[in-house]
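Biologist: Could you take one part of this model and go through it closely, from its setting in the fold to the space that it borders?

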Amino acid sequence: MFRRRPPLPPFPPGALLVGGAARDWLRGVEPKDFDWAAPDPEGAARALAAALAGSAFPLDEERGYWRVHAGNGVQHDFVPLPGDVTDDLLRRDFTVNALALTGRQDVLDPSGGRADLRSRRLRMVSAANLRADPLRAWRAARFEVTLAFRLEAATEGKVRAVAAELAAGGLPMPAPERVREEMHALLGHPDAARGLLRLEDLGLLALTIPELREGIGVMQGGFHHLDVFGHGVEALHQLLARFPDADLTLRWATLLHDVGKPRARGTNPRSGRTTFYEHDKIGAALTGQILTRLRLPSAQVERASALVRAHMAPLPAGEREARRFVHRRRALLPDLLRLMLADREAARGPDSHPAIRHAYAEEMDRVLAALEEQPAAPPPLLTGEDVMTLLGIGPGPAVGRALREVAEAQALGEVRTPGEARALVLSRAGKG
């Protein structure tokens, strides 16, 4: 059923390989993160680092936690060997993670995890364990996608119960940083869109991104065949099908690109049609709030918000406008084009037909050609000091405005030399 098992690193004396690493090895997948329980975590970490030409350092010296970076993204974590290994394994989340491997490759399996591995079944060790750490509910949804397992019925029922208890305030919410890490592990998978639908089905999406759920049942018509929520999930699917290397920031932006539509919904008084005016601006603000709440780094929050704000930008109809498009949105490219393509491909409503799709592809090709022609902004022809001297003014908004006008004209090929740039500034100031 599983692939041939990969080689294992040397076992430190008396150590056990536990949890996900043991699970992955048993199913023929080479682990990237190794968890060890060792009688001497520091000595074991230093010895393994020497054997693998890696580096060892303490994570928590007081508790005896150590880590080894072994290169190629592989890391080994060491904790003290518990007094009762069986009891320790039985406190874990799922049976497939309640496994340990000895240096002789004997398997410790107190909860029947190997049988569940063979059946691709995700089963809780106990209901009490899920309640003890409610983050395990999110982990259940994530493991269904990343391991391609299926939740056993009783476990699924308990996950739903935990979600309901969290929603009612009967259990404390996990720290936002921990929820974020589960979301990132899910979003990083090629089948992330299915994982989002599973979170919704289990009652967990409402606890994570309630703003996204506001789009459920909000129909759009026109180019769209799905409600706002379904369209966002489908856009994520389209993105990952075409750009599997898309980073997490772009994945977030694509999922959330229309999150502002429910709050922007209105009706055109003349036609009676539903409108979503300024949903891009509202969505950018909501994206910032959501990702800040999940404790993403500020640079990622700002970029995702900027992508959402820009996703409605009209594509250019000619080469000159394509150069302008690139100049004005260079910092967001090519990710903005990827989001826009995923958005369009996720929309298959009655107004969508091959001719429109072909025209859209041609417009996108113009932008790509302009970006290839000028992949980086050219060196500026004038400085702020140049502008102030030329116009006889001091620092202020007029200087920045003049520099922006020169930069855009330069990007469009309208000015090529400092002399031409000076002439443009004088002309715009009415002094030419």
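Modeller: The answer below is a close look at strand β5.

The model is a predicted one, in which local features need pLDDT of at least 70 and side-chain atom pairs count only at pLDDT 80 or more, while totals for chains, interfaces and linings use all residues. Residues are numbered from 1 along each chain as its sequence is written, and side-chain values use heavy atoms, with hydrogens and water left out.

Strand β5 runs over residues 74-80 (strands being DSSP runs of E with at least two residues, helices runs of H or I with at least four, both numbered from the N terminus). The strand is mostly covered, since 5 of its 7 residues are buried (under 20% relative accessible area with a 1.4 Å probe, protein chains only).

Strand β5 pairs with two other strands, where pairing requires at least two DSSP bridges. One of these partners is β2, residues 33-38, which runs parallel to β5 over 6 bridges, and within this pairing F34 has H76 of β5 as its bridge partner. The other is β4, residues 65-71, which is joined to β5 in the antiparallel sense over 5 bridges, and here H69 stands opposite Q75 of β5. Strands β4 and β5 also form a hairpin with 2 residues between them, and in that turn N72 takes a positive phi of about 60°.

Strand β5 also contributes to the largest pocket (an open set of 1 Å grid points where a 1.4 Å probe fits, with protein on both sides within 12 Å along at least five of seven lines), whose volume, the space filled by probe spheres, is about 1,200 Å³. Of the 42 residues that line this pocket (an atom within 4 Å of a point), those closest to its centre are G19, G20, D33, D35 and R92. Two of these, D33 and D35, fall within the residue range of β2, 33-38, the strand that pairs with β5 in the parallel sense. The elements giving two or more residues to the lining include all three strands described here, β2, β4 and β5, together with the helices α1 (20-26), α3 (85-89), α6 (135-146) and α8 (176-187). By residue type, the lining of the largest pocket divides into 19 nonpolar, 18 charged (Asp, Glu, Lys and Arg) and 5 polar residues, with Gly counted among the polar ones.

Key: Buried < 20%, exposed > 50% of the residue type's maximum accessible area, 1.4 Å probe, protein only.
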